[in-house]
Structures are given as structure tokens and as C-alpha cells.
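This report concerns the pockets, cavities and cysteines of a predicted model. The sequence and structure are shown first, and the open pockets are taken up directly after them.

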Amino acid sequence: MVRVRFAPSPTGYLHVGGARTALFNWLFARRTGGRFILRIEDTDVERSSWDMVAGILEAMTWLGLDWDEGPEVGGPHEPYFQSGRLERYRAMAGRLVREGHAYYCSCTPEALKQRRAEAGSAEESWQYDRTCARLSAEEVAARESEGVARAIRFRVPPGRTEFADLVHGRVGFDNANIEDFVVLRSDRHPTYHLSVVADDIDMEVTDVVRGDDHVSNTPKQVMLYQAFGHAVPRFAHVPLILGPDKRRLSKRHGATSVTEYKRQGYLPEAMVNFLALLGWSPGNDQEVFTRDELVAAFSIEGISSSNAVFNPEKLDWFNSQHIVRMPLEELARRVEPMLRDAGLWREACAGQARDWFHRVLDLVRPRAKKLEDLATLARPYLADIVEYDPDAIRKHASAPDLASHLAALAQALGATEPYDAATIEVALRGAAERQGIKAGTLIHATRVALTGQSVSPGIFDVVALLGRARTTERLDRLIAVLRARYLPGPRA
């Protein structure tokens, strides 16, 4: 069985790059019928916090990336927090020493810094010179009895370390370029290399899917697997995500936290769809996927070795596509909190006016990029009074004789039967012809009267949705505004 893991560090909120890595692991597990493990790497005590843990879990849940083992759900390999596994790491580091794969190192940071400086021009390529590896057993015992602080370094063997990467193919490193690395610090806390290998062994991880920035870490971890006599998992290093300027994605490119995109009104379905296609291709031209379709189509072989570019406009497009495709009942549920915040929600929208409200959402959603746009676009249908955009009034409702034209339209609509879009169009065009004006003049002015804006969905659909009474009321209001503006009287 495929067993994969996502192991974020709770030193910050879940960012886009981490979410994409989690998604690839989740898709791989779901596609193969495997297990998806969530593990929290919280050994950095000073920077880790429970608030960040909660934020990561919230973001994962919002994206729909449910985990089979991990925090809140448990599993056979608890605990799933590295802070609760410290004794295990210390025991495994001790085993490396006993079996000759590692040794104690009591060199202080200051001493190492001095030796590096003494290397002169070779400072950049300087590696630890194995001073402590040459100590006799008596010298090691003496330092131990004196309580000298010491770390544990892995003894890098000669030769070459290679591994098969499911994205990049065969990858190899000359061990001569890898210094003896620390696996347990002098404060008895593990380094990343030891803790991740120990956890992956204990949790029976079969495949490690992670970012390209970990490729250089992999040979060290392969050596550790081999030293422990454990099978090396399969690796898949996925491309990095770059900003539009082709630099690594960061805050300078805008929001990078998943929860921030949630706050901005993006749908988790759209975010998942967008992230999946950052560095992965289904092998055809399909772009819009449901979650089930992504699971069915996903394969590690479809991951590209080239870096992906985060395009905010493309994310907006995906969001708009998922808004258009979402069942109206579900869309209504998602937008309700925003309508409540805007003071536009009516309980009837979930009751007797439910079908009408769904028609409103269906009418306005083609122009919505985010959920918050739906609240704005639905305002003319839910508010008692619309506010006129000054530019719309200036452009489409400034003619002195427009009031009489709108009055003629109101009269025509009062007798229109049935009151549907097709019949309303006939009535409006007939009124325009009788008034001797272009139909467009009445159309634009009616749009301003009913929505307050110069742009809206098809005006005949708008008129039909608002209904006869509300349409007449809004036409009368604009007529009154126009007549008040053009009443004769003394001029200043």
C-alpha cells in the first residue's frame, strides 16, 4: 500500500507551495487507494506555536485534504507531532554511534567558525575535518565524564549516493562533496535529516513527494536509510512555484497563505484545481476538474520537472468557472454569510423565495470572480433601494425628456402579460418606437433605474426577476429624480 505524508512546520500558516505539495500527496494516496499521513514537524520550539498548528489544520480542512493518520484522527504510529518523539530520535542517533555510522562531536560553533576562516580562499568549500572522529575511546569517555556538550555527526561513507526520482529520473551525488553532517545537536534535539528519516521509517512511508528544494537533502537521508538497514522510499521532487516575475513565490507577489485566499472569497474547489495544475498535467487540454476527476486523472508521471508560475488572473478564472458550475443550492449556502455581513440576507431566500433567489444567483454568477462579487452583484435584487452610480446617471440618464420616456415604459410594462423576459423585450421596444427613440436609450436608462449601474446582466431578465411591482417602483423613483432635476425655477 502506498503511504505518503505531508509534514509541515508550524512556524507559519500553510502557504501555497506547501498546500500544493500536500495536494499532490493526497491525490497520489487517493488515486492508489493508499494512506495520507499528516505529521507536524514542531521540533523548532522557539518558532512553533499551537496557533500555527490550528491554522494549518484549518487550511487543510478547508481545501478538503482529509488525512488518514495524524492530529485529531490518530493512527497506529502516534504521536504525529515530532515534539513527542524526541526520545525516539535520541535512541536512533545512539544506534548510529554504536554501529559505527556516526560519532560524537564536541567541536563548538566558535571553533568551527575559526577553522572555516583559517581555510582562507577555500572557505566556501571547507568541510568538517573529522577532528572528533579521530578521538580515541579514552578521549571520548573523558569528555563524556566531564559533561562536555556534544553533538552526533553521521560518518559519510566514500563513494557516490544515487536515488531514483520519479520526476527527475536517476539523481546522483559524489559523497566527497558532502561533509559529515549533524544528526543530533548538542542540545539533544534532532536535525531535520534524522527526524524525517526516523519518522518515515516508523510510519512506513513508501513514497516521499516534496519540493525540489529538498533534492540536496536527499543523499544524506538515503545514507541514513541505508545505515538503519531500511529500504529507501521512492522520491518525487516536484517543481517550485514561481511568481509572475519568475522569482520564487513570496509575499511580494501578494497573498501566499491559504487562509488568506479563503478570506478573499475563493472556493476551495477552485484553489485545489488551480494548485493541481501548477506543475502537473493530465495529458490533455482539460483544465476545469472536480475533486473526483482530479483523483481519477492524477499520476506522478504527469508532474513536470520545470518550475510552475503562479498566475493570479488564472486563479480568478478557475474560481469563476467553479462558481458557474456549482449547484445553486450549494452556491446559496456559500454566499449566505457574505450577504448577512452586507445586511442583504433575507430569511425568505432560504424559504418561500428560495427558487427566486437561486434564479438571481444564476443570473449574476457569470460575472463573479469571487464569492464576495456575488454579494455585490446580487445587491440590486435584495436591497430595498438602489444607489445610483453618478457616472451611470451622467452617461445614461441625463436627457431632459427621459422622464417622459420612462413613464411611457412603466405604463407599457404595467399591461405586459405574461411578465417574462421575451414579452418584456417586446414591450420595451414597442414603447421606444412609440416615443420615437432608440431602444438602447430606454434599455440603458432602465438598467440605471433598476440596478443603479451602467452594466448588468440582460436587462429583460433583470426586469422579469425584479417583478412588476418593484420594477415600476424603481422606474417611478428615477422619474421623480429626473423631473425634480429639470423643474423650471429661478437660477442662481
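## The largest pocket

In this predicted model, the largest pocket is lined by 44 residues, and those that lie nearest its centre are Ala7, Pro8, Ser9, His15 and His214. The volume of this largest pocket comes to about 1,200 Å³.

Four elements, namely strand β1 (3-6), helix α1 (16-32), helix α6 (192-202) and strand β8 (207-211), each contribute at least two residues to the lining of the largest pocket. Of the elements, α1 gives the largest share, which amounts to six residues. When the lining of the largest pocket is divided by residue class, it holds 16 nonpolar, 17 polar and eleven charged residues.

## The second largest pocket

The second largest pocket has a volume of about 320 Å³, and its lining is made up of 14 residues, with Thr376, Arg379, Pro380, Thr451 and Gln453 lying nearest the centre. Helix α14, which spans residues 371-382, supplies the largest share of this lining, with five residues. By class, seven residues of the lining of the second largest pocket are nonpolar, four are polar and three are charged.

## The largest cavity

Turning from pockets to cavities, the count comes to two when those of 30 Å³ or more are considered. The largest cavity has a volume of about 50 Å³, and the residues that line it are Tyr104, Cys105, Ser106, Cys132, Leu135, Val140, Arg143, Glu144 and Arg150. Strand β3 (102-105) and helix α5 (137-145) are the elements that give two or more residues to this lining.

Helix α5 gives the most to the lining of the largest cavity, with three residues. As for the character of the lining of the largest cavity, five of its residues are nonpolar, one is polar and three are charged.

## The second largest cavity

The second largest cavity encloses about 30 Å³ of space, and the residues that line it are Leu409, Leu413, Ile424, Leu428, Thr446, Ile459, Phe460 and Val463. Three helices, α16 (402-414), α17 (421-435) and α19 (459-485), each supply at least two residues of the lining of the second largest cavity, and the largest share, three residues, comes from α19.

The lining of the second largest cavity divides into seven nonpolar residues and one polar residue, with no charged residue. In the lining of the largest cavity, by contrast, three residues are charged.

## Cysteines and burial

How many disulfides does a search of the whole structure find? The search finds zero disulfides. For Cys107, which is in no disulfide, the nearest cysteine sulfur is that of Cys132, at 3.5 Å; because a disulfide requires a pair of cysteine sulfur atoms within 2.5 Å, the pair formed by Cys107 and Cys132 does not count as one. Cys132 is also one of the residues that line the largest cavity.

Is Cys107 buried or exposed? The relative accessibility of Cys107 is 17%, so this residue counts as buried, given that the class covers values under 20%. Cys349 is likewise buried, because its relative accessible area is 4% and the cut-off is under 20%.

Technical notes: Residues are numbered from 1 along each chain as its sequence is written. This is a predicted model: local features need pLDDT of at least 70, side-chain atom pairs count only at pLDDT 80 or more; totals for chains, interfaces and linings use all residues. Side-chain values use heavy atoms; hydrogens and water are left out. Buried means under 20% relative accessible area, exposed over 50%, partly exposed in between (1.4 Å probe, protein chains only). On a 1 Å grid over the protein atoms alone, a cavity is a set of points where a 1.4 Å probe fits but cannot get out, and a pocket is an open set with protein on both sides within 12 Å along at least five of seven lines; lining residues have an atom within 4 Å of a point. Grid points are joined across faces, edges and corners, and a volume is the space filled by probe spheres set on the points. Ala, Val, Leu, Ile, Met, Phe, Trp, Tyr, Cys and Pro count as nonpolar, Asp, Glu, Lys and Arg as charged, and the others, Gly among them, as polar.
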